[in-house]
Amino acid sequence: MNFDYSEEQKMLVQSLERTLAKTYDFETYRSQLATKSSHDPALWNSLAELGIMAMSLPEAAGGFDGNHTDIALISAELGRRLVPEPFVSNVVLSAFVLNACGGDSAAEQLGEIATGERKFAVGFYEPGERHNPLALSTKAEKTADGWSITGHKAVVLGGDTASELIISADAGGASLFMIPADSDGLTVRKYQLLDGRGAADLIFDNVSVGADALLGQAGQAEAIILDAVDRGAAALVADSLGAIEEIIDMTKEYLRTRTQFGRPIGSFQVLAHRMVDLLVDYEQAKSMSMEASVEADNEDAATRQKAISACKAKVGAVSRKFGKESIQMHGGIGMTDEYALGAYVKRLLVNETMFGDTDYHLERYSSL
Amino acid sequence: MELSLTAEQTAFRDEVHAFLKESLPEDIKHTQTSGGHLSKEQHQRWHKILGDKGWSTPLWPLEHGGTGWSPVEYAVFDEECYRMGAPRVLPFSVSMLGPVLINFGNDEQRKRFLPGIRSGEDWWAQGFSEPGAGSDLASLKTSAVRDGDHYVVNGQKTWTTLGQHGDWIFCLVRTDASAAKPQIGISFILIDMRDPGVEVRPIITLDGSHEVNEVWFTDVRVPAENLVGQENMGWTYAKFLLQNERIGIAGIGQSKEQLVSLRRLASAEKKNGKPLIEDPSFRAKLSEVEIELRALDLTNKRMLVETERGMDPGPVSSMLKIRGSEVAQRLFELKMDAAGLYALPFQPEAGDAGWNDQLAGTLAQARSAPHYLNTRKISIFGGSNEIQRSIVSKMMLGF
């Protein structure tokens, strides 16, 4: 057993840390939010140049044949810096689906993800169906020269910036299709999430696509969908860890430096003990996040799902507690938009809820 | 023992109901039930309607415009207002300043300020907290120096709720910096926010709303007649103000209404093809908070009745605030969780008066996360729950 990262991984994280420290502080984050966009092409390109998009992708597509621990390391840094760029939707979900489905253009598209030049997003969830990626009302009907798609995909992460949308639809069972975002009959309702990351609702009204829009086999997509969601969940768990580490730093600093009644507030036992509880929770969450990053690549679906659900549920519960307690310990200042804490709390809320919330994963864990 | 309403109390509830049905403007009801932010005009219009009915200051002594309602009747009124979608009158003038003026102000001040409070025409803000004086309120530094028949005020207040609308602000200021204890040397003073030297700067909170403000004072000349009570006795008045706030502090009416809207949202949401509200694990959480609220409702009424009969009111408002804020926060949290994925799109203005954008999800879903985030404040403001626990422990445990 070892809990160490490889030398290559450490170097990657260091260069990512350095780049973000130079180019992306909290003020940059706030001004990006003010533009109402989740995406800054210059930042995206600089991330691509570091190789973070290519790291986990297959060598054949210009990648470095990495694994999910690379993704976890990168995600933690993006969470730590509140970077809203669509890393998870492209490099984790879309890349996994394209790779898993294969097909003539998959290698080329993976190459475009590796360089960051084209953006994809994956939509499984639908309105009114809680966190179940297999609940499908969207239909794909066979036509003379392809498919006609009708339905609604909810809160598609990265759907605001993607030019190609990969969605699940019922074509005699769960099936995956890739559809250009500018297709006739497709409405892409874009918005930003609580923390500034981008998403969209996709509304399909008899959208006609060619036969080649189908990815993989019709009706055979359930296993791929579940696997993709698990990978997304594992990435967000790591993202939360980065955010939590930042919250710990801010809260410890505040407890040390804020004085009331003539002494640092951290010297009051009621706050000190609560901070200690948070530190223990963090260690628990960190272990689970490591497990998630290793098990995300496990080909045995039952083992993988059990591990991912354990991690997502645990880190979700810890995140919720961190959000509440860190604001409470800060008092009023923790409630303000100008202070970074709130942005981290919102990042945690998005990570908790996306790809199955705590309740969903608790239930899945107990059913496995 | 009889724990349900008497015939008189039921008749009173019907009277409140009929009045609200007839008098509550549709637009105000709409903003309130949508969970959006009421405009200044909406707040003041509704305050005036209540004032004209004689119901804007129900807890004041009769001779100053009170209604003589018992605590139970007040609770009935409070709950009926929420049930009907009527906003509550803001506490700053009515519940905080009014009783201080009635008890410690002079006739001149009562004649000058009470009518504007009853009608809602004067918008009052509260100037207590400062950047360096939060939980340790007595360490406040804003100074008022006597200069002839004026005080000259310099300093900064913060977390001033809806101060952007303010005409007046009641402030705790330091009038004797050399006093032996920080609690001594504080005075309670009324400042016209339209005077030169008063500047209001917005603070945007993490839910994207503008409710609180910083208020800066630079050489503001305040007539000495605006001092309430005696110089350097302000801490006593402030303590009276905070303890006096116990009626309504548990937020029962609001929490009952939140419970109703939580049930509505959970009935509309689906889980495994069935309404979420039929899901056993969700039901268990719902029942847990519902039972807590049920207990709090009764505890609230019992304690208020007992304090009327002479029980020591000391720890009551702190106890009610602690548990009331916890129940309210839990309800908002469950609502956010019930909203599912559609809690995530950030739509902070959804439901505000005049808001007309396209929604992602329903309005209840859109409001759920901003409400959850916004209500983190209720265990912080007005004395954090940690401070409230210290107050109770001093009073009941002696340390």
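Chain B of this predicted model is built from twelve helices and ten strands. How compact is chain B for its 399 residues? Its radius of gyration is 22 Å, close to the 21 Å that the globule rule gives for that length, so chain B is as compact as a globular protein of 399 residues. If you lay the C-alpha trace of chain B along its principal axes, it spans about 75 × 50 × 45 Å.

Now look at how chain B is packed. Of its 399 residues, 45% count as buried. Take the contacts in chain B with a separation of 6 or more: 72% of them come from residues 24 or more positions apart. An assignment also splits the chain into domains:

| Domain of chain B | Residues |
|---|---|
| domain 1 | 7-89 |
| domain 2 | 124-232 |
| domain 3 | 246-396 |

Between the C-alpha centres of domain 1 and domain 2 of chain B there are 30 Å.

How sure is the predictor? Chain B has a mean pLDDT of 95, and 100% of its residues reach 70 or more. For the complex, the predictor gives an ipTM of 0.96 and a pTM of 0.96.

Next, the place where the two chains meet. Here 30 residues of chain B are in contact with 33 residues of chain A. On the chain B side, that makes 14 nonpolar, eight polar and eight charged residues.

What about the insides? In soluble globular proteins, nonpolar side chains tend to be buried together. The largest nonpolar core here has 153 residues, and those with the most contacts inside it are Val97(A), Phe177(A) and Ala234(A). Helix H7 of chain A, residues 222-257, gives the most to this core, with 14 residues. Apart from it lies another core, of 47 residues, and among them are Leu50(B), Phe128(B), Leu137(B) and Phe217(B).

Phe177(A) is a nice one to click on. Leaving aside its neighbours within four places in sequence, the residues it is in contact with include Ala140(A), Trp147(A), Ile149(A), Ile167(A) and Ala169(A). Further along the chain, Val209(A), Ala213(A), Leu214(A) and Leu215(A) are also in contact with Phe177(A).

Finally, try Asp4(A), which sits in the segment before helix H1 (7-23) of chain A. Is Asp4(A) buried or exposed? Asp4(A) has 7 other C-beta atoms within 10 Å, and a residue with 12 or fewer counts as exposed, so Asp4(A) is exposed. Compare its position with that of Thr143(A): the two are 139 residues apart in sequence and 53 Å apart in space, C-alpha to C-alpha.

How values were computed. Residues numbered from 1 in each chain as written. Chains lettered and ligands numbered in written order. Predicted model: local features only at pLDDT ≥ 70, side-chain atom pairs only at ≥ 80, totals over all residues. Contact = placed C-beta atoms within 7 Å. Nonpolar A, V, L, I, M, F, W, Y, C, P; charged D, E, K, R; others polar. Helix = DSSP H or I, 4+ residues; strand = E, 2+ residues; numbered from the N terminus. Rg over C-alpha atoms; globule rule 2.2 N^0.38 Å. Buried ≥ 20, exposed ≤ 12 C-beta atoms within 10 Å, placed from the backbone. Core = buried A, V, L, I, M, F, W, Y, C linked by C-beta atoms within 7 Å. Domains from an automatic or database assignment. pLDDT = per-residue confidence, 0-100.
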